[in-house]
Amino acid sequence: MFLRTALLVLKKDVSVEVKSLEIVFTTLFFAISCVLIFSFALVGPDGEAIDKAMVPSAILWIAVAFAGVLGLGRAFERERYGETLKALLLAPAPRPAIYVGKLLGILLLLFMTELVLVPTIAFVFDAPLFDRVLLLAGLLVAGNIGFAAVGTLFAAMLVRSGSREIMLPILLYPITIPVLIAGVRGTSALLSADPSVPAATMWLSVLLSFDVVFVTLALWTFEPLMTE
Amino acid sequence: MRKAFLPLLVLTGAMFAYAPVMIAGAPYESTMLLVQKIFYFHVPSWFAMFTGVFVAGLAGVWFLARTDERGDRVAVSASEIALMFGAMGLTSGPIWAKRAWGVAWQWDAKLTIALLLELIFVAYLLLRKYGGAGSEKLAAAVALFGMAVVPFVYYAVNIWRTIHPSNSVVPSLEPGMFGPFWFCVMTFMLFFLVLLALRVRVERLRTDLDELYRAEES
């Protein structure tokens, strides 16, 4: 009886999934996005693992990317429960202002997370993260803006979709890979045995130009995207 | 377009049939010999893929700015075709790389962009398939953002190190390789157009059918 029930449940699940293969494809694709994230954070271009001194920066940015997706999902899940996003969009207010408001909220959330995350990583890895704290803060702020600018737009659009939890990372990770590369390399430049401020500043400027392009694009696309 | 389609199809077919003759007649590269011939297939696939990516991105902009259904049809068609040509490039590249570099994969700027674009367009199609109502608009934004991310990835990865043959390979080709190479590029571009025309037509028929079905129901 026990085994028969188990097999029946399995049969039901398989026959439902085989029809659309939705879970198979989206999970597989999420796994591949993770390969991408970890490769760019932890592996150098010559295929060798990164220097030990750079591990904290890789861990920090992976944590930001994962926490960011969860935070984005939750922030919009709340809007969905109350149908408040629809109400916001009905208000006689400029659409880009609504987008900027949501974006700032997400950023605040990310900053608060990092306020605890960075000291924790510095502590457990004994990493000199606070030696050049202003540059590190600049990298984190610029990186978060880039990540959240794309993420807010996508999460807002996915509110109506049934498969939003898995679609968000799938769409967001490949597009925000430059943020991850620049963030990890910039932070690593500050952590290596021979810290390089010019390298960190260079990566910071990559992040800032990414922010300018993607915030502009998101502001422009939010209006047509959110119109029914 | 409909009138031009048949001549286009015939021309593309003829060029495909003649391409092996051109490639066989091209001189051998001095160090890579026969392995280098994959170049006539590999580089044109990338030309076609990038055309697909830009067509999809621009059609997405057209769709978002004008809410024109035709923009969406072109965008979804171009994305699928870009994905197909990308898969061809991602298959032929490592075969060549295994012989020329000794390894099949490297995290180099061009390879990374290729892989990322391929993934972005897989995500695009997953979104269209499983995203539910309204996902075609978000898909247009994904195509646009995918197009916009290319220079950043290129710049970011290039600072690491790059071992892919640089773009200066093409202008420096031996005179005998020049003709076959551009012939193959032209052939692939025409093939791209044929596929795009067919796919857009299928998409139009599909949306028409959906509309008829909905009209019948109501």
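## Contacts between chains A and B

In this predicted model, for which local features need pLDDT of at least 70, side-chain atom pairs count only at pLDDT 80 or more, and totals for chains, interfaces and linings use all residues, 35 residues of chain A are in contact with 34 residues of chain B, contact meaning that C-beta atoms placed from the backbone lie within 7 Å. Residues are numbered from 1 along each chain as its sequence is written, while chains are lettered from A and ligands numbered from 1 in the order in which they are written.

On the side of chain A that touches chain B, H9(A) gives the most, with seven residues; helices here are DSSP runs of H or I with at least four residues, numbered from the N terminus.

## The nonpolar core

The largest nonpolar core, a set of buried Ala, Val, Leu, Ile, Met, Phe, Trp, Tyr and Cys residues joined through C-beta atoms within 7 Å, has 121 residues; buried means that 20 or more other C-beta atoms, placed from the backbone, lie within 10 Å of a residue's own. Helix H4 (residues 109-130) of chain B supplies the largest share of this core, 16 residues.

Among the residues with the most contacts inside the core is B:Ala123, which, leaving aside its neighbours within four places in sequence, is in contact with A:Phe29, A:Ile170, A:Leu171, A:Pro174 and B:Val142.

## Helix H5 of chain A

The buried residues of H5(A), among them A:Tyr99, A:Leu110 and A:Glu114, pack against helix H3 (55-81), helix H6 (133-158) and helix H9 (197-225) of chain A. Just after H5(A), A:Asp126 takes a positive phi of about 55 degrees.

How values were computed: Buried ≥ 20, exposed ≤ 12 C-beta atoms within 10 Å, placed from the backbone. Helix = DSSP H or I, 4+ residues; strand = E, 2+ residues; numbered from the N terminus. Contact = placed C-beta atoms within 7 Å.
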